[in-house]
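Colleague: I should like to go through this model with you, one point at a time. Please give the reasoning with each answer.

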Amino acid sequence: MEQEEKQKMKSKGSEERWRGAIGNITEMYTNLESLQKLLLKKAVFVDEDTFAKASVTSEQSRTIKVLEQRVETLEKELDAAITAAAHARTEKRQAEAAQKAAELRAQDITKELENTTNVFKLHMEELRAKQEEISKRDNEIKLLEAIIQTLGGKESHSTNG
């Protein structure tokens, strides 16, 4: 912000100098134009020195017009450059904001993935524990079936014997 204010102040001072220069040139142009009109209306015959001065004045008048047009062109270019710079700063800020939002979203997704991974690990531990319990009970059932068969076999031997 401070830099933008400095730039504005610098631009404002530069703008005032340009306006002052344009004002001076315009005033010179007006004076020369008045002198030229006066010479054209009043003087029919002039000596060489006066004619030379009038020619110089006329040339200066044309030069002043060209310079005024150049100043106007430069002012327009400067305004366009300032506008483009402001636009570029705005786009940069928007891009930075979008990047920050994307980074925050990536962090959120990473946290969500970590949480999902932890939940998955817990479920896997539960499944392993249940599998062990099922396996243990299965072994107990097989043991009980073996005992029953053994006892059942003795009964049939006892009944037969």
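Colleague: Is Lys142 buried, partly exposed or exposed?

Modeller: This is a predicted model, and the relative accessible area computed for Lys142 is 49%. Exposed residues need over 50% and buried ones under 20%. Lys142 therefore counts as partly exposed.

Colleague: With which residue does Lys142 form a salt bridge?

Modeller: A salt bridge requires a side-chain nitrogen of Lys or Arg within 4 Å of a carboxyl oxygen of Asp or Glu. For Lys142, the closest N and O atoms of the pair are 3.8 Å apart. The two residues are 4 residues apart in helix α2, and so are separated by about one helical turn. The partner, partly exposed with a relative accessible area of 37%, is Asp138.

Colleague: How far apart are the closest N and O atoms of Lys92 and Glu96?

Modeller: Lys92 and Glu96 are separated by about one helical turn, because they are 4 residues apart in helix α2. Lys92 is exposed at 53% relative accessible area, whereas Glu96 is partly exposed at 41%. They form a salt bridge, with the closest N and O atoms at a distance of 3.9 Å.

Colleague: Which residue pairs with Arg62 in a salt bridge?

Modeller: Side chains of opposite charge can pair when their charged atoms come close. In the case of Arg62, the closest N and O atoms are 3.2 Å apart. The partner lies 3 residues away in helix α2, and therefore about one helical turn away. With a relative accessible area of 42%, this partly exposed partner is Glu59.

Colleague: What is the accessible area of the nonpolar surface patch that includes Leu143?

Modeller: Leu143 belongs to helix α2 and is exposed, its relative accessible area being 53%. The patch joins Leu143 with Leu144, Ile147, Ile148 and Leu151. Together these residues have an accessible area of about 490 Å².

Colleague: How far apart in space are Ala54 and Leu35?

Modeller: Ala54 is part of helix α2, which spans residues 48–160, and is partly exposed at 24% relative accessibility. In sequence, Ala54 and Leu35 are 19 residues apart. Their C-alpha to C-alpha distance is 8.2 Å.

Colleague: What percentage of the residues of the protein chain count as buried?

Modeller: The protein chain has 2 helices and 0 strands. Its accessible surface is about 14,400 Å², with 57% belonging to carbon and sulfur atoms. Buried means under 20% relative accessible area, and of the 161 residues the share that counts as buried is 6%.

How values were computed. Residues numbered from 1 in each chain as written. Predicted model: local features only at pLDDT ≥ 70, side-chain atom pairs only at ≥ 80, totals over all residues. Heavy atoms only, no water. Buried < 20%, exposed > 50% of the residue type's maximum accessible area, 1.4 Å probe, protein only. Patch = residues over 30% accessible without salt bridge, like charges linked within 9 Å, V, L, I, M, F, W, Y side chains within 5 Å. Areas by Shrake-Rupley, 256 points an atom, 1.4 Å probe, with all protein chains shown as cover.
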